[in-house]
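Hi,

Here is the structure I said I'd pass along. Have a look, and my notes follow below.

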Amino acid sequence: MIPAMPATASVSARQASAAALRFGRLAAMGAVAVLILVAGVWASWGTAQHVMLTKGRESGTIEVTRCGEDTCTGPYTPISEGSKARAEVVIEKTVAVRKGETYTVVVKPSSDDVVRSGPAGILYAWVPLGGALLLASVVVAGGLGRTRGAWVIAGAGVALLTAAFVTV
């Protein structure tokens, strides 16, 4: 015959398992939120590094003369010392690029691809992070139960996306 467990041992075992499940949920949701934010930084950094770390890079202007489905092209006029003029460079076609307009740009190393520079270029480069902040705020609020923190994260995402929209 198996001896019966005291009632206090049964209650403490349930409390321990509930605490372990709570910790597991918090750890999993915390990891998901961090993963979302890391993915947002990773997606943004591909363009942001060229716009933010301009020392030693060629900078100038592009006058957009033609636009296709995904890209626009035009002649490049150098501003920085050591930069050379190019008959045609390629810039990604976005809502921020219009035919007939002139934009300040930075040339990506070893290519004829350019990205917008200045405040508009910096903010536009970090737009994926703004979306990641909004998505992570949902995970923080729902999965972690931290509504105040979620509001702060969501506010940062909205501020970044709004600033990008206004400057572009």
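A quick word on terms before the notes: a residue counts as buried when its relative accessible area is under 20%. Keep in mind too that this is a predicted model.

With that cut-off, Arg-86 comes out as buried, because its relative accessible area is 12%. Arg-86 sits in strand E4. Leaving aside residues up to four places away in sequence, Arg-86 touches Glu-58, Pro-75, Tyr-76, Val-107, Ser-111 and Asp-112.

Two of those neighbours, Tyr-76 and Val-107, turn up again in the largest nonpolar core, which has 11 residues in all. The others there are Ile-62, Val-64, Cys-72, Val-89, Ile-91, Val-97, Tyr-103, Val-105 and Val-114. Strands E3 (71-78), E4 (86-92) and E5 (102-107) each put in at least two residues, and E5 gives the most, with three. As for Ile-91, its contacts include Ile-62, Cys-72, Val-97, Val-105 and Val-114, plus Thr-71 and Arg-116, again not counting residues up to four places away in sequence.

Then there's the helix pair. The axes of H3 (residues 127-143) and H4 (residues 147-167) come within 8 Å and cross at roughly 160°, so H3 is roughly antiparallel to H4. Their crossing is left-handed. On the H3 side, the contact residues include Leu-129, Gly-130, Gly-131, Leu-133 and Leu-134; H4 brings, among others, Gly-149, Ala-150, Ile-153, Gly-157 and Leu-161. What kinds of residues make up the contact of H3 with H4? They divide into 14 nonpolar, five polar and no charged.

Cheers

Note on methods:
Residues numbered from 1 in each chain as written. Predicted model: local features only at pLDDT ≥ 70, side-chain atom pairs only at ≥ 80, totals over all residues. Heavy atoms only, no water. Core = buried A, V, L, I, M, F, W, Y, C linked by side-chain atoms within 4.5 Å. Buried < 20%, exposed > 50% of the residue type's maximum accessible area, 1.4 Å probe, protein only. Helix = DSSP H or I, 4+ residues; strand = E, 2+ residues; numbered from the N terminus. Contact = heavy atoms within 4.5 Å. Axes fitted to C-alpha atoms, helices over the stretch in contact; angles between N-to-C directions. Parallel < 35°, antiparallel > 145°, perpendicular 65-115°, else oblique. Left-handed = near helix turned anticlockwise from the far one by under 90°. Nonpolar A, V, L, I, M, F, W, Y, C, P; charged D, E, K, R; others polar.
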